[in-house]
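Please open the structure in your viewer and keep the selection panel at hand. The tour proceeds from one chain to its interior and then to its interface.

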Amino acid sequence: MKTFLGFGKVIVLASLFSLTGCGTYNRLVTLEQTVNKKWADVQSVYQRRADLIPNLVSTVAGAANFEKSTLTEVTNARASVGQVKLDPSKAPTDAAELERFQKAQGQLSTALSRLLVVSENYPQLRATESFKGLQVQLEGTENRISVERNNFNTAVQEYNTALERFPTNMLNKMFGFKPRPFFTAAAGAEKAPEVKFDFSSKPATTPAPATTPAATP
Amino acid sequence: MIRAFAVFVLFVFGAANLDGAEKFPPKPAGYFNDYANVVPKEKALALNERLAQFERETSNQVVVAVFRKMESDSDIADYSQRIAESWKVGQAGKRNGAVLFVFIDDRKMFIQVGYGLEGALPDLTAFDITERHIKPRFRAGDYAGGLDEGIDLILKAIRGEYKGDGATVQEKSRASASSGCGPLGFIIMLIVVLAIIRLGRRRGGYGYTGLGGPFITSGWGSGWSGSSSSSSGGFSGFSGGGGSFGGGGAGSSW
């Protein structure tokens, strides 16, 4: 009986295979690789932003009596971003993991935009070449982030759709393809941030020391 | 019939028509596209030829698009990035395109820089070009002068980054189309054209008139209806090579 069931399974699988062909498998692999590639792009633009911050902080701190709390907020947000580093070569499969990442980055976005708003009160600072340059670079980085996030979401959508289609949906579990979570639209960016940094919480499970810079500038 | 045609045009070009308020301009016919009619004809033609020649020499595709106003609620960086991406400015592998967008009534401009040129034309340089060179001239009402200088600086920044092979994308595709298809392709095209003419005649004859020209602007209202130039004479047409944009670049308002 058991062997008969096993045999039946083989027959079913074989017929499924002949229906879909190896093309499906190869297509899924390609789509998954695209998702991972786009994820790496997302990571690199976020990294680009993180790299700008030490420079920004030191430029702003040089301005006479610049509001301290705004600066501390940016520094802290930057530090907590460093703590939720995800593997840059592989898109996360866990939605909660991506959400944590997105939340940390969202807090940094809020802190940065607040810093730019506060800087309006310091015309002398805004007039300096270095501040102007940093502002342009920061804006450019934010533009890139939104583009790469969109590209990532598009790739994920294509991949997830391919996974759910019949009869691929019967095969994907066997091959271990998992649907990937999306970025949600501007989450955290619009909400006022709760300035509460829980440094005791564990960082993301996947360490990526190769690209992780020092967490605190 | 005319309405059906307008719907068809919207359907073809309005792929990114997400929130109703946003309109997407169709692919440009040339390199220098003055839809707002702020630059004299001869000047526009000269700039167009200059940009076409630049592609022949360097393979970099630089496009200028001057519109009356933005037909979108999103900000200029985001809107112009999606337009540049949809136009596929730049060569496929090198992604070496750049587009200078100007919206006259909004008093805004933005240089979108393709992935492959972000090194040669970083955000700061793009900002310097719009802020210090184009903006003062635009403020004085000298659009032609501002665009001329802007183009000059963009070309200067990205020259030397890549090498061209003497022909634009459009010239190459024309050459391969005539040699590759042979008589069979011609016969198929002939049948298709005859079928269209027949169909058109049966439905009253008009309505397909827009298909013959180089641009289909009839469905576009006042926004983009100005013509950049016709493809007669020495005009070099533009075709995107498959470039891609990642949000690089910068802009100014004046």
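How many helices and strands does chain B have? Select chain B and display it as a cartoon: 7 helices and 5 strands appear, where helices (H or I, at least four residues) and strands (E, at least two) are DSSP runs, numbered from the N terminus. The order of these elements, from the N terminus on, is α-β-α-β-α-β-β-α-α-α-α-β. This is a predicted model, in which local features need pLDDT of at least 70 and side-chain atom pairs count only at pLDDT 80 or more, while totals for chains, interfaces and linings use all residues. Residues are numbered from 1 along each chain as its sequence is written, chains are lettered from A and ligands numbered from 1 in the order in which they are written, and side-chain values use heavy atoms, with hydrogens and water left out.

**The interior**

Colour chain B by accessibility. Of its 254 residues, 46% count as buried, that is, under 20% relative accessible area with a 1.4 Å probe, protein chains only.

Next, select Phe32(B), Trp87(B), Phe101(B), Val102(B) and Leu147(B), which have the most contacts inside the largest nonpolar core, a set of 57 residues. Such a core consists of buried Ala, Val, Leu, Ile, Met, Phe, Trp, Tyr and Cys residues joined through side-chain atoms within 4.5 Å. Among the elements that give two or more residues to this core are helix 2 (41-58), strand 2 (61-67) and helix 5 (143-158) of chain B. Helix 5 of chain B gives the most, with 7 residues.

Centre the view on Leu147(B). Not counting residues up to four places away in sequence, Leu147(B) touches Phe32(B), Val39(B), Val64(B), Val66(B), Leu100(B), Val102(B) and Phe138(B); contact means heavy atoms within 4.5 Å.

**The interface**

Now show chain A as well. Here 15 residues of chain B are in contact with 12 residues of chain A. The area buried between the two chains is about 970 Å², of which carbon and sulfur atoms give 49%; buried area is the accessible area (1.4 Å probe) that two parts lose on being put together, summed over both.

Which residue of chain A forms a salt bridge with Glu118(B)? Select Arg144(A): the closest N and O atoms of this pair are 3.4 Å apart. The rule, a side-chain nitrogen of Lys or Arg within 4 Å of a carboxyl oxygen of Asp or Glu, finds 3 salt bridges across this interface.

Finally, select strand 5 (245-253) of chain B, one of the elements that give two or more residues to the side touching chain A. Strand 5 of chain B gives the most to that side, with 6 residues.

Technical notes
Buried means under 20% relative accessible area, exposed over 50%, partly exposed in between (1.4 Å probe, protein chains only).
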